[in-house]
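Hi everyone, thanks for coming. Today I'd like to walk you through one protein model, slowly, so please have the picture open and follow along.

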Amino acid sequence: MPAAKTAVKSVLNESKQIERAAMLIEMGARMQVLESETTLSYERLIRLYKEISGKSPSKGQLPFSTDWFLTWQENIHSSLFLNIYEYLSKGVELDSAEQLTKAYRLYSEQIQAAELDVLLSFTRAWRLVKFVDAQMLTRTQCSVCKGQFVTEPYENARHYQCGLCNPPARAGKSKAAGSLMLH
């Protein structure tokens, strides 16, 4: 009798893992994210990915540089996402994948409501969380607006000014639709 109960649990667990993988695929997660956030085999994930997206997953390594998160517009988007992510961690008991997907949905909704382009992909958002967990990136409070922004861990917090309070010379000059504009 106990063997049957174990089999039921593993089928239920597998069902939950497939549901989680499907949700992550729909949000644009790459294979490395799926492998990290589920217990499904690589072959099963490939089949599921093809079934849901209608194409093979992208090949190649994920970017492993923190630099992308520190450039002007990307930093603002990354900071918005990370603040939402951190806020959710304080309010509701969620596992890491649920917290990530909820935070990413809220980030996307806010960006779209502001009629901006979503710059932070789901996979980059996942990578950002991993960088913060590894203490390769952190949040630092702006000395002017008091907002929390993604920075390198050794940033001098006393004099730190965010890209909104102290934008670079060419920031906000783009005429491209969906870009941040400074007036």
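Let me begin with a small space inside. Six residues line the largest cavity, and they are Leu62, Pro63, Phe69, Thr123, Arg124 and Arg127. Before I go on, please keep in mind that this is a predicted model. How would you sort the residues of that lining by class? They divide into three nonpolar, one polar and two charged. As for its volume, the largest cavity comes to about 30 Å³. And how many cavities of 30 Å³ or more are there? The count is one.

Hold on to Phe69, Arg124 and Arg127 from that list, as they'll be back in a moment.

Now the overall layout. The chain has six helices and two strands. Reading along the sequence, you meet them in the pattern α-α-α-α-α-α-β-β. There are 183 residues in the chain, and 39% of them count as buried. Here is a figure about how the chain folds back on itself: take the contacts with a separation of 6 or more, and 52% of them come from residues 24 or more positions apart.

On to the aromatic rings. The structure holds seven aromatic pairs. Why do we call the pair of Trp68 and Phe69 edge-to-face? The ring centres of Trp68 and Phe69 are 5.2 Å apart and the planes meet at 85°, and over 60 degrees counts as edge-to-face, so the pair gets that name. Both Trp68 and Phe69 are buried.

Phe69 has another partner as well. Phe69 and Phe131 also make an edge-to-face pair, with 5.8 Å from centre to centre and 80° between the planes. Try tracing this one on your screen, since it links distant parts of the chain: Phe69 is in the loop between α3 (42–53) and α4, while Phe131 is in helix α6 (residues 122–133), 62 residues apart. Phe131 is buried, as is Phe69.

Here is where the two arginines from the cavity lining return. Which ring does the charged end of Arg124 sit over? It is the ring of Trp68, with the charged end of Arg124 4.3 Å from the ring's centre. Arg127 has a ring of its own to sit over: its charged end is over Phe131, 5.3 Å from the centre of that ring.

Elsewhere, five aromatic residues form one cluster: Phe81, Tyr85, Tyr104, Tyr107 and Phe122.

Phe122 is a handy bridge to my next residue, Leu24. The C-alpha atoms of Leu24 and Phe122 are separated by 8.5 Å, although the two residues are 98 residues apart along the chain. Leu24 lies in helix α1 (residues 2–26). Is Leu24 buried or exposed? Its relative accessibility is 0%, so Leu24 counts as buried. Leaving out residues up to four places away in sequence, Leu24 touches Ala29, Leu34, Glu37, Thr38, Thr101 and Phe122.

Helix α1 also holds Gln17. With a relative accessible area of 11%, Gln17 is buried, because the cut-off for that is under 20%. Beyond its neighbours within four places in sequence, Gln17 is in contact with Glu37, Thr38, Thr39 and Leu40. You heard two of those names a moment ago: Glu37 and Thr38 are among the residues Leu24 touches.

Next, a quick stop at the backbone. Glu115 has a phi near 60°, which is a positive value in a residue other than glycine. You'll find Glu115 in the loop between α5 (96–113) and α6. Glu115 is exposed, because its relative accessible area is 68% and the cut-off is over 50%. Lys146 has a positive phi too, near 70°, and again this is a residue other than glycine. Look for Lys146 in the loop between β1 (138–141) and β2.

Last stop, the largest pocket. About 180 Å³ of space lies in it. Its lining has 15 residues, and those nearest the centre are Leu70, Asn75, Val150, Tyr160 and Gly163. Which element gives the most to this lining? That is α4, with three residues. Both α4 (72–91) and β2 (148–151) supply at least two residues each. By class, the pocket lining has seven nonpolar, six polar and two charged residues.

That's my tour. Thanks for listening!

How values were computed. Residues are numbered from 1 along each chain as its sequence is written. This is a predicted model: local features need pLDDT of at least 70, side-chain atom pairs count only at pLDDT 80 or more; totals for chains, interfaces and linings use all residues. Side-chain values use heavy atoms; hydrogens and water are left out. On a 1 Å grid over the protein atoms alone, a cavity is a set of points where a 1.4 Å probe fits but cannot get out, and a pocket is an open set with protein on both sides within 12 Å along at least five of seven lines; lining residues have an atom within 4 Å of a point. Grid points are joined across faces, edges and corners, and a volume is the space filled by probe spheres set on the points. Helices (H or I, at least four residues) and strands (E, at least two) are DSSP runs, numbered from the N terminus. Ala, Val, Leu, Ile, Met, Phe, Trp, Tyr, Cys and Pro count as nonpolar, Asp, Glu, Lys and Arg as charged, and the others, Gly among them, as polar. Rings of Phe, Tyr and Trp (its six-membered ring) pair if their centres lie within 6.5 Å; planes under 30 degrees apart count as stacked, over 60 as edge-to-face and the rest as tilted. Buried means under 20% relative accessible area, exposed over 50%, partly exposed in between (1.4 Å probe, protein chains only). A charge sits over a ring if NZ of Lys or CZ of Arg is within 6 Å of the ring centre and within 35 degrees of the ring normal. Contact means heavy atoms within 4.5 Å.
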